[in-house]
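Visitor: Could you take me through the packing in one part of this model? I'd like a close look at the nonpolar core, and then whatever else seems worth a stop.

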Amino acid sequence: MLFNKSRIIGGVLSLTVAFTACEKRLDKSPFASVDADQALLTSSDVESALVGAYSRLGDAEVYGGDMFVYSELLGNDNEITWSGTFQGLTQIYNKQIPVNNDFVQDTWTESYEAINVANNVLNAIDKVVDAKKDKVAGEAKFIRAAVYFDLVRLYAKAWNDGNPSSNPGVPLVLKPTADLADAAKVSRNTVAEVYAQIITDLTEAEGQLSTGKTIFANRPSASALLARVYLQQGDYANAAAAADRAIKDGTNSLTGTYAEAFPVNYNAATVPVANTTEDVFAMQVNNTQGVNDFNTYFSPMGRGDITIDPSYFSQYEENDGRLEVYYADGGSIYTGKFDMVYGNVHILRLAEMFLIRAESNFRLGGDPIGGVAPHLDINRIRARAGLDPIDAADLTLDQILLERKLELAFEGNLLHDKKRLEIAVGPLSWNSSRLVLPIPEREIKVNGNLVQNEGY
Amino acid sequence: MAPMKKLTGLMWSFLLLTALTVQAQNRQISGKITDQKDGTPLAGATISVKGTNISTATSADGTFTLNVPADAKTLIISSVGFGQKEVSVSDNISLSLSSADNSLSEVVVVGFGTKIKRDLTGSVAKVGQKELANTPVTSFEGALQGRAAGVQVEQGNGKLGQGIKVRIRGASSVTAGNEPLYVVDGIPVITNNLSGNSAATNPLSDLNTNDIESIEILKDASSAAIYGARGANGVVLITTKRGKAGKSKVDFGFFTGTQEPTRKREFLNSQQYVEYFRQAAVGAGKYDYKYGISGYGSEQEAIDDNLAFVESRLRRYSAGNDDYQTYKVNTDWQEEAFQRAPISEYDLSLSGGNEKTTFYMAGQFLDQKGIIVRNSLKRYNGRLNLDHKFTNWLTVGANLSFARTLNYRVSDDNAFSTPLQSVALSPITPTIDPRTGLLSGESDPNRAGNPGGPNTNYPVYYNPMLSVKGAYYNTIVNRSLGNVYGQAQITNKLSFRTEFGLDQLNQTEEGYYGPITERNTTYPRGGGFTNADQVLNFNTNNFFRYVTNIKDKHDIDAVVGMSFQEQDYFSQGNTAEAFPSPAYKKLTSAGTKSDATSTANEFSFLSYFGRANYKLMDKYLLAVSGRFDGSSRFGKDNKWGFFPAASVGWIISDENFLSNVKWLSFMKLKASYGLTGNAEIGNYSWQTLWTGDGAYGGIPGQRPSQLGNPNLKWENTASFDIGAELGIFENRVSLELDYYVRNTTDLLLQVEVPGTSGFTSQLQNLGKLKNKGFEFTINTQNIVSRDFRWTTNINFGLNRNEVTDLQGQELGVGNYNRAREGQPLGVFVAREFAGADPETGDAIWYKNTVGADGKVDRTPTNNYNEAAEVVIGNPNPDFIYGMRNTFTFRGFEFDIFLQGVQGNDVYDGGGQYMSASGSNGFDNQTTDQLAAWKQPGDKTRVPEARLFFANGTDPSSRYLYDASYLRVKQLTLTYNLPKSVISKIKIDRARVYVRGQNLFTITNYKGWDPEVNADYQATNINQGVDFYSAPQLRTIVFGLNIGL
């Protein structure tokens, strides 16, 4: 007989042996990820991590736009109307923010995610080939500084509100997290410490980065962000000097018209649009990577949750060419600055540098830093908007600030300018605790060392 | 784990030695087995020699012959659906068996074997084919609901083929899986959710419920520990039907009927809506002026400005005309989301065979429409189960089944495109825009930038009917599930069985979103995606079974073996956008191929197991089992876990001192204790990982994606169970009682870590959780006469779940549900709502802050941040129950089955929009919002209507409801046509029935249906949340079964 019992038993025995050998089949490695100790071995690994840091920076709740949308919603005083359904943003618009606000929480955690990637890059910088070392380090520092700057502006008291050396800022985490021991329960550094770190990072980055057109941060990006930081501190000499360096770098130039700085291609919404000549730094968005939340909330091509009140336009002069980027649709007025669904997120435009240099030089008086008189910088902006020049003698600080407001409208400067200039937001004073985001409730719960902001 | 390997090697050798040394001489016996009811021959009944593995089955005429060892004393006669009997060995045996509904001698499938119910020391619930068959539900779990004590089945919503939550004796884990292990004919099957959106689908719905002979649910450690690693959440053993020797049978089944929502909600009509939002404008103006928010000069100015704004919006939502002023248009948007929903199912099965070979083959077609527009499901099933006696000592067989399921799905609950979100639209908005003659929102001829494209701000939100018209999301699953086995009778006492199973699941998802969906999808020229998933699960079980009886006093039944399971997963996906016209829907026509993905993962389990059952004098029972499990999901030092269990039973009614207690026919006391494990976490969770999904501007990038934990190890559940089984009045009343405690330690917990680390969580073995509970089942035969029979089954399960230790952490902060120490898993935590301030109309909350003196401050505040979060409710029921009454009178059978859940709460997450006193946008409101505060002195729970000044919409007990319910789950009236009639037309069996499912529900819940959990957010913790979730289905079908 073909099958006899002893054969079967023999078969069973060999099966037994075969399956005991299965044990090594218990070792499984992932296919779509790599173990951390294999991730940063070569120069190109670290360079890829740097790109990863940009992608985290570009998260919706960070430089994908939300950090700036908060500024516009919180700083708003009857110029826009919010009618969206994201309750977290309604709360920010109403300046009544519960400590469990989901946007407040996500911006915090996503920001530190970007910082951690940048810290990983800096920690592994020795792996990078010498020819690229400065570029990689400079960009990582730029990203880290950018995130810290907007975190400290949103989650802490303004620089000019009391004593920045004692006001709590945000925790400075400068080393990558390798395991939970490192994910220690950090405390908040002071506002001054955070600003000092930002300036150190940006100054080093400015020295390490080179010039020339790129989608990444370059030397003028670092100069420009530095100008923004100094201006926020009221350090006008440094602000003017940094703005001047960004301008004189020569990589960027103003677009021919205002509208050209905000390119829209209604007929080919899926085709990515490159940075304009004016973009000193912009987050890249295409149909698979990145997101533009200015588009999401301001544009009818997105959710169209933010409409512009008609009264807002009384601030413009009659022939202001910048009015071209506003339009009425279905009885509401929208800004068309962000109509491109896959448009890049404009973070720093060259126009802002002229405005910073003008304002700083005007305030400082004397010989203008960079050798260009404030009225000439202002008139350069006005000329592009099709407006008549202002004589040097007629120029006032209010005119400069109005020019700044209209030129940079809805791009995320509103709240921070109001704080810097100590302008009330409706019934709230510029330093009201309601204009500072709370530390997320989640963070306080998992880290007892974090102190909540006043008023929450 | 080297020592372990040696140990198993030893076990094998020992068993083989034992096997080879046993020899015996034989004698031949024969006999006939009949059905006690009518004396007809019973085909396929099993005759086995007690204490051995020797057995045979009766042929078509009920007869059998069997070679038995010379020393054989007792035969055990059993048959599925009949009670088991023991008789002494004699040359010619004639015996009748009586049918056994839940009776003690019923055969119960346990892991790697069967047992009769009388001898069970563990806790096993059995649901038979009769209770499952022809239930008009998509998946068999739906038919299980309420049928077994301590088994909670919950369907999150009424969409078809969606994930179903099953909890056996409560949830044992916070982060790891809480679903039981599903084993079909010995092989663990694929249960992965492969849904491309955040609403889980249910791979178990590929099974044909009518193929199932029985479902056994292993509830306690002693029964589940043989599945060690996988048993912590209980094990569901599904056994499919097999053929019986004898006359070939053909069975045809058919039912058809309609389905509708169990309930609808009430929303404002046009007049109410217009008046309400004018009221909300006044409220907003007053509030704005009072707090100087916008700096209006006077209250009237503020009111006028808000009223003007509201009028302009009402006009907009009224298709840009003044019809809203006369309430001319009054659209019931809820009705637009529902559709007429027929259901039909067709079954055909053939079965039969001879002494050597038996077969069962069956096919089914299910054609079901959902109650939600666009939702439907079609399923085709086929099965062939074969058993063949190759030689007198070798049996081989195969179970093969395939299924093809086409699910036409709708979006998850949290999407503007999900049809039921249409209730947010204004009743003043017409379904057809009179300006264009097209669906509202479909086209705006004057749109800036894109004239003729979809409206961007009319209606108030994206109209989900545009997705019904211009989009689809179809899922096709092809599934083949099969196994082959061989069973060798090595000696009279020792057998060996090897099983090899394969479960292959291929799923294709295809989505298309036409240009008219642009407002929802941001695809101005349309977009689409395809996803393809392949899951291959293979499994082998190889085990010996040794059965012996020593001196008719000691019964030993031992199983030892190993199993190996591996699952490989591969998936790929593509997205593309911009089509030449809406006529083109396949990606090949898309102008921009925007994304492509592929990914893969694997896991494996290797296990060695053993179990020994010992029975002394037929009344003292002992069972011990153990299993070593290795899993690929843990790091190299923590792969292995050991899961032992032991149980004892005492059939006390067989003791002399109880022999005089006439009313007590049977009584068994039992106790068990054991460990089971849980490894249902993602693959590679212990590793710190980087992922290459960090591309930016078209340049590839990588980033840290997971903070690993090399110390990660098995989660353990230690279970203790004591119980009793009683039979009273000749077993006309049978009662089962169980009390259990299940302690889970080393919880596999997704622990929240400070966000400043760059991560938000890490998987750790941290914390403890406890379930304890009480269950009972009562089966009674109330009236048994020749013509009339009334039986009752009641089951009841009470479970108390408590997260005992999270080392001070709380999970789920930011959500309604939390894992909080000292509270049940998923407890609702939010501010406690105190209604509307009678003076101001502000929403107020109790402060509930604890002062220095330890007293709770119960003063109300209108400052949300000032109120403390407190426990406001519990999504876990106090108890669940089911009750079935069956009445048979001659050919008629009436069956009424009630199912209930008591003491659980549901949070209506949609309340912040639809029951928001018009303060959170132009969403249409539920009619209860008409009770909003209007003037000082008003006492109401609904705060003042204030458009866009959210008044009490933040999470609070305002939106929490008691969701206890009692349902008439199933009601069936059957008529069995008399044999005298049907035999004339050569039909053997024929019955017609009418059946109602979810016929009637009693509840205080205000939403659509109390059995709910919004699909997009459902997790272990997130339970009992309603968010525009489709209600359950009320179904009435007419059916017919014919047997030849």
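Guide: Let's settle one term before we start: two residues are in contact when they have heavy atoms within 4.5 Å of each other. Bear in mind too that this is a predicted model.

With that, go to Met353(A). Setting aside neighbours within four places in sequence, Met353(A) is in contact with Ala224(A), Ala227(A), Ala243(A), Ala246(A), Ile247(A) and Leu348(A). The largest nonpolar core has 135 residues, and Met353(A) and Tyr148(A) are the ones that touch the most other members. As for who supplies this core, helix H6 of chain A, residues 130-155, gives the most, with 14 residues. A second core lies apart from it; that one has 32 residues, including Phe277(B), Ala284(B), Tyr462(B) and Val942(B). As background, nonpolar side chains tend to be buried together in soluble globular proteins.

Now stay in chain A and look at helix H13, residues 397-407. Its buried residues are Ile400(A), Leu401(A), Glu403(A), Arg404(A), Leu406(A) and Glu407(A). Their cover includes four helices of chain A, H8 (219-233), H11 (350-364), H12 (374-384) and H14 (414-421), along with strand E7 (345-349).

Over in chain B, try Arg884(B), which sits in strand E49, residues 879-889. Arg884(B) counts as buried because its relative accessible area is 13%, and the cut-off for buried is under 20%. Its side chain makes a polar contact, at 2.9 Å, with the side chain of Asp895(B). Not counting residues up to four places away in sequence, Arg884(B) also touches Glu131(B), Arg147(B), Thr791(B), Thr792(B), Asn793(B), Ile896(B) and Phe897(B).

Then there are some backbone details in the loops of chain B. Tyr327(B) is not a glycine, yet it has a positive phi of about 55 degrees. You'll find Tyr327(B) in the loop between helix H7 (323-326) and helix H8 (333-337), and at 26% relative accessibility it counts as partly exposed. Glu730(B), also a residue other than glycine, has a positive phi near 55 degrees. Its loop runs between strand E34 (715-728) and strand E35 (733-745). Glu730(B) has 70% relative accessibility, so it counts as exposed.

One last stop is Pro459(B): the peptide bond leading to it from Tyr458(B) is cis, with omega near -10 degrees. Pro459(B) is in the loop between strand E23 (438-439) and helix H9 (464-470) of chain B.

Key
Residues numbered from 1 in each chain as written. Chains lettered and ligands numbered in written order. Predicted model: local features only at pLDDT ≥ 70, side-chain atom pairs only at ≥ 80, totals over all residues. Heavy atoms only, no water. Helix = DSSP H or I, 4+ residues; strand = E, 2+ residues; numbered from the N terminus. Buried < 20%, exposed > 50% of the residue type's maximum accessible area, 1.4 Å probe, protein only. Polar contact = N/O pair within 3.5 Å; in protein donor to acceptor, adjacent residues only side chain to side chain. Core = buried A, V, L, I, M, F, W, Y, C linked by side-chain atoms within 4.5 Å.
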